[in-house]
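Trainee: Hey, got a minute? I've just opened this model and would like a walk through it.
Mentor: Sure, let's put it on the screen.

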Amino acid sequence: MSTATEKTAGTEAPQGETLLSVNNIEVIYDHVILVLKGVSLEVPEGGVVALLGANGAGKSTTLKAISNLLRAERGDVTKGSITYRGENVHAMTPNDLVRRGVIQVMEGRHCFEHLTVEENLLTGAYTRGDGSGAIRDSLEKVYHYFPRLKERRSSQAGYTSGGEQQMTALGRALMANPSMILLDEPSMGLAPQLVEEIFEIVNALNKQERVSFLLAEQNTMVALKYASYGYILENGRVVMDGEARALSDNEDVKEFYLGLDSGGRKSFRDVKHYRRRKRWLA
Amino acid sequence: MSPDFLFFLEIIVSGLMAGVMYSLVALGFVLIFKASGIFNFAQGVLCLFAALALYDFIAPGGWVDRWFGFTLPVWLGIIMTAGVMVIVAWLIERLVLRYLVNQAPIILFMATIGLAYVLEGMGDILFGSDVKPLDIGLPQGASDYMLDTFGLYVEKLEIVAAFVAAALVAVLAVFFQKTRIGRALRAVADDHQAALSVGISLRTIWVIVWSVAGIVAMVAGIMWGSKSGVQFSLSLIALKALPVLILGGFTSVPGAIIGGLIIGVGEKLAEIYVGPLFGGAIENWFAYMLALAFLLVRPQGLFGEKIIERV
């Protein structure tokens, strides 16, 4: 595996104690479709780690493998291991994981459409047993971070805008008092300004509530701006990882994921040739 | 009041009362459909099963009587039957539903058809197949009060059924709207995966919802059993619930009640006033025609949840 991993210059292991560690996992759907072919990553306590890559690279699958939502889609981790605070998560249900503080915000938001925004938020507290007072406090906290949700608290979630739904989904996860949120494509289908807004909130939650994030994103530019560390996935493998700054300075990342090019415009033929030559995995 | 108008009123009232009985059955369907998107074909059989079990707890000559030489008081029998329905719900989750997570609705539907036959067979083996009179001490016969005051003939049992249905709906509404579990049930109804992701355990929810549906089935079974005896044709009232659901909407508890009332009144009125044109006996199929008409105009039913589409 390490042969395919190309460390960028000057990287060090992410700081802080390791909260989540994924060790060389392989994921197979329906017993036949091999989706992840050895993914390893680590999320430190209090870190924001980005998981980058194109469509179908395996970002969502990695997150679902961690949160164990995979099994509901007939997928399974067949090799490797995932540990959260040193505990192997393989035998746990999503319910166990949420109780331990790991919660996923799924791609495409997945709000409960016929519930009001506030009811949506309250379902996030389903696993909590610390009384309605504490849950009220959390609700106020969520409204503090997402003032817009407070205005729309009694609207049916199905009728709110995409941005509000993303906020609802994130707020709902927050209601579980998580120590780690697996955030899948928060920018999907949102206007650039809203994307910034959501990421600012992620940043605030990370700094003020000490929530660690593992976020899967196609929007590499934004993700690297807010993350401290990044992994790049291609075809179910980690092909590169490093400090966010180092990644965004890397020439290959610039070319492949940021659409930036140091050498000015090349002719179409050159680009094709270059891409072929530089592809990590043939 | 003229005799004609009185007759009309009497039809309406008896229709409403019959409608309540339909609503009781339809309620169980709505609960399961709401929480899991499954059309539970076995709901009628659950009513039968509950009524059979209750009979054997409390009636002379039932199981308890034969084995222990005494019968249970009615209230204890009802609690025991509710317990049986919870166990049945647990078994259904454990043996059937657990293996069908994320399957297409039609597969789950077919599983419930199988379930209906299994339960019916089990009921036959466990409790025997003869018609049994279920007497839990509900008042029988015509209500003197209604007869004396309004000159209307109304069965006492049907009045009781109306009150029971109203109470049941009130309790269910509070349960769904105000409790943590009720909210989780609605969440599961909306989006299984998202429910999983916030840590709601589908298995627990399914056991709960089938238990509640089983207990509602028990109430319906008691009412129908008291009315016409516990017999295997009881399982066929499930078919009568279908037009009720189409009218009221598959996902609405009040819809099930209103739908039941409309069907009840509609079929009685049709029988009396339209029936002669067709040579009578249209009560049996009128409900289905009404449902068909509704499907064309308003497929989600009167109170069904609108399919939310954001553009």
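Mentor: Before anything else, here's a cut-off to keep in mind: a residue is buried if 20 or more other C-beta atoms lie within 10 Å of its own, exposed if 12 or fewer, and partly exposed in between. Also remember that this is a predicted model.

Trainee: Okay, let me try that out. How does N24(A) count, and with how many C-beta neighbours inside 10 Å?
Mentor: N24(A) has 14 C-beta neighbours inside 10 Å, so it counts as partly exposed. You'll find N24(A) in strand β2 of chain A.

Trainee: What about the phi of N24(A)?
Mentor: That phi is positive, about 50 degrees, although N24(A) is not a glycine. Most residues other than glycine have a negative phi.

Trainee: Which residue in the loop between β5 and β6 of chain A should I look at?
Mentor: Try R85(A), which lies in that loop. R85(A) also has a positive phi of about 50 degrees without being a glycine. Its count is 16 other C-beta atoms within 10 Å, so R85(A) is partly exposed.

Trainee: Let's zoom out. How many helices and strands does chain A have?
Mentor: Chain A has 11 helices and 11 strands. Of its 282 residues, 44% are buried. Among the contacts in chain A with a separation of 6 or more, 73% are between residues 24 or more positions apart.

Trainee: In what order do the strands of the open sheet in chain A come?
Mentor: That open sheet has four strands in the order β3-β2-β5-β6 of chain A, and the pairing is antiparallel. At the edges stand β3 (33–44) and β6 (87–88) of chain A, each with a single partner strand, so one side of each has no neighbour in the sheet.

Trainee: Does anything sit on it? I mean, what packs on the sheet?
Mentor: Helix α1 of chain A, residues 59–67, packs on the sheet and touches β2, β3 and β5 (75–84) of chain A. The direction of α1(A) makes about 110 degrees with that of β2(A).

Trainee: Back to the strands. How many bridges join β2 of chain A to β3(A)?
Mentor: Nine bridges join β2(A), residues 18–29, to β3(A), and the two run antiparallel. For example, V27(A) stands opposite L36(A) in β3(A). Likewise, E26(A) has K37(A) as its bridge partner in β3(A).

Trainee: And what's between the two strands of that β2(A) and β3(A) hairpin?
Mentor: Three residues come between them. D30(A) is in the turn, with a positive phi of about 55 degrees.

Trainee: New topic: domains. What does the domain assignment of chain A give?
Mentor: The assignment gives domain 1, made of 2–101 + 178–278, and domain 2, which is 113–176. Where they meet, the contact takes 13 residues from domain 1 of chain A and nine residues from domain 2 of chain A.

Trainee: Which elements give two or more residues to the domain 1 side?
Mentor: Those are α2 (94–100) and α7 (192–208) of chain A. The largest share, five residues, comes from α7(A). By class, the domain 1 side that touches domain 2 of chain A has 10 nonpolar, two polar and one charged residues.

Trainee: There's another chain too. How many residues does the contact take from chain A and from chain B?
Mentor: The contact takes 27 residues from chain A and 19 residues from chain B. On the chain A side, the elements giving two or more residues are α2, β7 (102–105) and α3 (117–123) of chain A. The largest share there is four residues, from α2(A).

Trainee: What about the classes on that chain A side?
Mentor: The side of chain A that touches chain B has 12 nonpolar, 10 polar and five charged residues.

Trainee: Last one: how many helices and strands are there in chain B?
Mentor: Chain B has 13 helices and zero strands. The C-alpha trace of chain B spans about 65 × 65 × 35 Å along its principal axes. A compact globule of 311 residues would have a radius of gyration near 19 Å, and chain B has 20 Å, which agrees.

Trainee: And what share of chain B counts as buried?
Mentor: In chain B, 44% of the 311 residues count as buried.

Conventions:
Residues numbered from 1 in each chain as written. Chains lettered and ligands numbered in written order. Predicted model: local features only at pLDDT ≥ 70, side-chain atom pairs only at ≥ 80, totals over all residues. Rg over C-alpha atoms; globule rule 2.2 N^0.38 Å. Pairing = 2+ DSSP bridges. Contact = placed C-beta atoms within 7 Å. Axes fitted to C-alpha atoms, helices over the stretch in contact; angles between N-to-C directions. Domains from an automatic or database assignment. Nonpolar A, V, L, I, M, F, W, Y, C, P; charged D, E, K, R; others polar.
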